[in-house]
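Welcome! Have a look at the structure below, then work through the exercises at your own pace.

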Amino acid sequence: MTAFVLVSGGYTGGWIWRDVTARLRSAGAEAHAVTLTGLGDRRHLAAPGTDLETHIEDVAQAIDHVDAPEVVLVGYCYGIYPAVGAADRRLDRISRLVHLDSPMPQDGYSMLDQIREQMPQGEARERMLGMRERAEDGWLLPAPTPEEWRAHGNLAGVPPEALARLARLASPMPVGPCEQKLAVSDAVTTLPATGVFCTTGGTMDIATLEGLVASGLPLVQHLADPGASFFELATGHWPMLSTPGELADVLLRAAAGEGHRLDPATAAHHVGQ
């Protein structure tokens, strides 16, 4: 039986996976949704000292409490940072690491470091980099208002009732986890991995990634490994709310080793140059 551990992003919690976990379980899989410290129904545990290390331990403990020998670990948005950190500490327990419409974390970089270096100039970048200034008491970001979700959340495909639930259940977000630098070994890049791109309003898809690999960008050359696969979902940034059935199907296919593969010859050509 395939076991999934699902890690949500900022302002949310395990509740956001409700429809996806129901579909995974109906397909015969196990599904365990993680709520990170200080978020969701654990919002009362937020503190100025809550950081990325706290969230990595949350995910590692969730993995440890799954009876299955291996898990498919899914990290969404910010959640990929604690997911990658936990995967590096539980390498023998991870059968596949799924990046769901998320960045690709790097050793020695925080989420905000990567936004600063890699995100195009614009309002979205400045808003993300201004987290600390907007935070209450300098450390806790208020949950977005419904208007802010609509303006900045890339909610394409999310039905009104799901948006209402998101606005009602969204929690404040500690800033510390976004500022702490990730520390992982090279071994985490050897894990079988899957990228799922949400292409409506997004900035990355399979064709763009193939172009980056062909350009010789060192950061992405390992993604041409046969163990890496890719999917696209024609929806906005919240597929667990907009297309939960399609997302569950993609996760099951990823767990089975399916998905688009990049051309390894392209990466090998650049490595040899």
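**Exercise 1: a helix and its surroundings**

The buried residues of helix 3 pack against strand 1, helix 2 (52–64), strand 3, strand 4 and helix 4 (111–118), where contact means heavy atoms within 4.5 Å. Helices (H or I, at least four residues) and strands (E, at least two) are DSSP runs, numbered from the N terminus. The model is predicted: local features need pLDDT of at least 70 and side-chain atom pairs count only at pLDDT 80 or more, while totals for chains, interfaces and linings use all residues. Residues are numbered from 1 along each chain as its sequence is written, and side-chain values use heavy atoms, with hydrogens and water left out.

Task: find which residues of helix 3 are buried.

Solution. Buried means under 20% relative accessible area, exposed over 50%, and partly exposed in between (1.4 Å probe, protein chains only). Step one: the buried residues are Ile80, Tyr81, Pro82, Ala83, Val84, Gly85, Ala86, Ala87 and Asp88. Step two: nine of the ten residues of helix 3 are buried, so this helix is largely enclosed by the rest of the structure.

**Exercise 2: the sheet**

Task: work out the strand order of the open sheet and find the strands at its edges.

Solution. Two strands pair if DSSP finds at least two bridges between them. Step one: the six strands follow the order 2-1-3-4-7-8, with parallel pairing. Step two: strand 2 (30–34) and strand 8 are at the edges with a single partner strand each, so one side of each has no neighbour in the sheet. Step three: from one strand to the next, the twist averages 20 degrees; axes are lines fitted to C-alpha atoms, for helices over the stretch in contact, and angles run from 0 to 180 degrees between N-to-C directions.

Now zoom in on strand 8 (residues 228–233): five of its six residues are buried. Six bridges join it to strand 7 (residues 193–198) in the parallel sense, and Val196 stands opposite Phe231 in strand 8. Helix 10 (residues 206–215) lies across strand 7 and strand 8, at about 145 degrees to strand 8.

**Exercise 3: two helices that cross**

Task: describe how helix 1 (residues 18–26) and helix 12 (residues 244–255) cross.

Solution. Step one: their axes come within 9 Å and cross at roughly 50 degrees. Step two: Asp19, Val20, Arg23 and Leu24 in helix 1 meet Pro244, Gly245, Leu247, Ala248, Leu251 and Leu252 in helix 12.
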